[in-house]
Amino acid sequence: PTVLEAACNKGLTTARAAVKRLESRRPDAGWIAAYDDISALTEDLSGPFSLITNVHPDKPMRDASEACELRWQDFLSTLGQNEKLFAAAKRFEPRDAIDRELRKTALETFEDSGVSLPPEKRKRAKAINDRITELGQTFDKNIRDANLQVPFEQAELKGVPEGAWKNAKRDAQGRVLLGVDEPTYVPVMQLAQSAAARERMWRAKVNEGGEPNLKLLAEIAQLRREYAQLFGFKSYADFTLRRRMAENTGNAKRFLGEVQT
């Protein structure tokens, strides 16, 4: 954990220095590529911590990487509201279609992060973004740490390759105990001949995290709605769909109705 924290500090220092350099650069022909380089740098430096959070077997390491992830979220939400970079992106003159698309994406990212909002709303937008990340982290932790095990009679696993269950633990009744991790879940769902067995596995999977995660989802949904309302939208769906092919919830609902018909 100490080494991980040092790596986290070093990565954030490197990323902040890159942002400072870009802030002092005029929006010349290479500005948008330099902006894209920061995006790549951020992914390279922050990505390993997300991986460690999800796969490391030792809790102290996972805890340390989760703390680092929250620091990266603070960096990213601050970057999204960087007025100097937003102003430079607006002044940048695209040279070709690639530049135009990247500039459009950059401007939309800044705008969706709240850079153009009044100060109090901008502050609240950042707080909401950071809080949603924290809640999502707890949501994922509840799933990861649940260690669910679903009991099956051996006959129920007919069709599933033995390699997926033969060495699994048994309960007091001799039933095979299977987790809902992907390497176990997928073979059961795809190959088990028993529909009842597949359903039990599916229900266990979709209910990972249990009641605590339902409460987290409720808070996340409320925060997303509040976030959208900061920008003048009624719902988070309206806020996000305006950037997508569907454009609005009305179009999305009409399309779904046509599919159902």
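## Exercise 1: Confidence

Task: State how confident the predictor is in this protein, and find which element has the lowest mean pLDDT and which the highest.

Solution. Start with the average. The protein has a mean pLDDT of 96, where pLDDT is the predictor's confidence in each residue, from 0 to 100. Next, check the spread: 100% of the residues score at least 70. Then go element by element. Helices (H or I, at least four residues) and strands (E, at least two) are DSSP runs, numbered from the N terminus. Helix H7 (residues 182-191) has the lowest mean, 95. Helix H1 (residues 2-23) has the highest, 98.

Ground rules for what follows: this is a predicted model, so local features need pLDDT of at least 70 and side-chain atom pairs count only at pLDDT 80 or more, while totals for chains, interfaces and linings use all residues. Residues are numbered from 1 along each chain as its sequence is written, and side-chain values use heavy atoms, with hydrogens and water left out.

## Exercise 2: The nonpolar core

Task: Describe the largest nonpolar core and say which helix gives the most to this core.

Solution. First, the rule. A nonpolar core is a set of buried Ala, Val, Leu, Ile, Met, Phe, Trp, Tyr and Cys residues joined through side-chain atoms within 4.5 Å. Buried means under 20% relative accessible area, exposed over 50%, and partly exposed in between (1.4 Å probe, protein chains only).

Now the content. The largest core holds 28 residues. Those with the most contacts inside it are Leu 22, Trp 31, Tyr 35, Trp 72, Phe 75, Leu 85 and Phe 110. At least two core residues come from each of H1, helix H2 (31-55), helix H3 (59-80), helix H4 (83-91) and helix H5 (97-112). H1 gives the most, with 7 residues. In soluble globular proteins, nonpolar side chains tend to be buried together.

## Exercise 3: Around Trp 72

Task: Is Trp 72 buried or exposed, and which residues does Trp 72 touch?

Solution. Take accessibility first. Trp 72 counts as buried because its relative accessibility is 3%. Then list the contacts (heavy atoms within 4.5 Å). Leaving out residues up to four places away in sequence, Trp 72 touches Cys 8, Gly 11, Leu 12, Ala 15, Thr 42, Leu 45, Ser 46 and Phe 49.

Follow one of these, Ser 46. Ser 46 sits in helix H2 and is buried, at 17% relative accessibility. A polar atom of the Ser 46 side chain lies 2.7 Å from the backbone oxygen of Thr 42.

## Exercise 4: Aromatic pairs

Task: How many aromatic pairs are there, and what is the geometry of the pair Trp 72 and Phe 75?

Solution. Apply the rule. Rings of Phe, Tyr and Trp (its six-membered ring) pair if their centres lie within 6.5 Å; planes under 30 degrees apart count as stacked, over 60 as edge-to-face and the rest as tilted. The count is 10 aromatic pairs. Trp 72 and Phe 75 are edge-to-face, 5.4 Å centre to centre with 80° between the planes. Both lie in helix H3, 3 residues apart, about one turn of the helix. Phe 75 is buried, at 8% relative accessibility.

Compare Tyr 227 and Phe 231. Their ring centres are 5.2 Å apart and their planes meet at 45°, so this pair is tilted. Tyr 227 is buried, with a relative accessible area of 4%. Ring pairs also join Trp 31, Tyr 35, Phe 86, Phe 92 and Phe 110 into a cluster.

## Exercise 5: Salt bridges

Task: Count the salt bridges, then say which parts of the chain are tied together by Glu 111 and Arg 243.

Solution. A salt bridge is a side-chain nitrogen of Lys or Arg within 4 Å of a carboxyl oxygen of Asp or Glu. The count comes to 25.

Glu 111 and Arg 243 pair with their closest N and O atoms 3.2 Å apart. Glu 111 is in helix H5 and Arg 243 in the loop between helix H10 (236-241) and helix H11 (249-260), so the bridge ties together parts 132 residues apart in sequence. Glu 111 is partly exposed, at 30%. Arg 243 is also partly exposed, at 33%. Both belong to a salt-bridge network with Lys 104, Glu 108, Asp 112 and Arg 242.

Now a second bridge: Arg 62 to Asp 145, at 3.9 Å, N to O. Arg 62 lies in helix H3, and Asp 145 in the loop between helix H6 (119-144) and strand S1 (150-152), 83 residues apart. Arg 62 is buried, at 13%, whereas Asp 145 is partly exposed, at 33%.

Note on methods: Polar contact = N/O pair within 3.5 Å; in protein donor to acceptor, adjacent residues only side chain to side chain.
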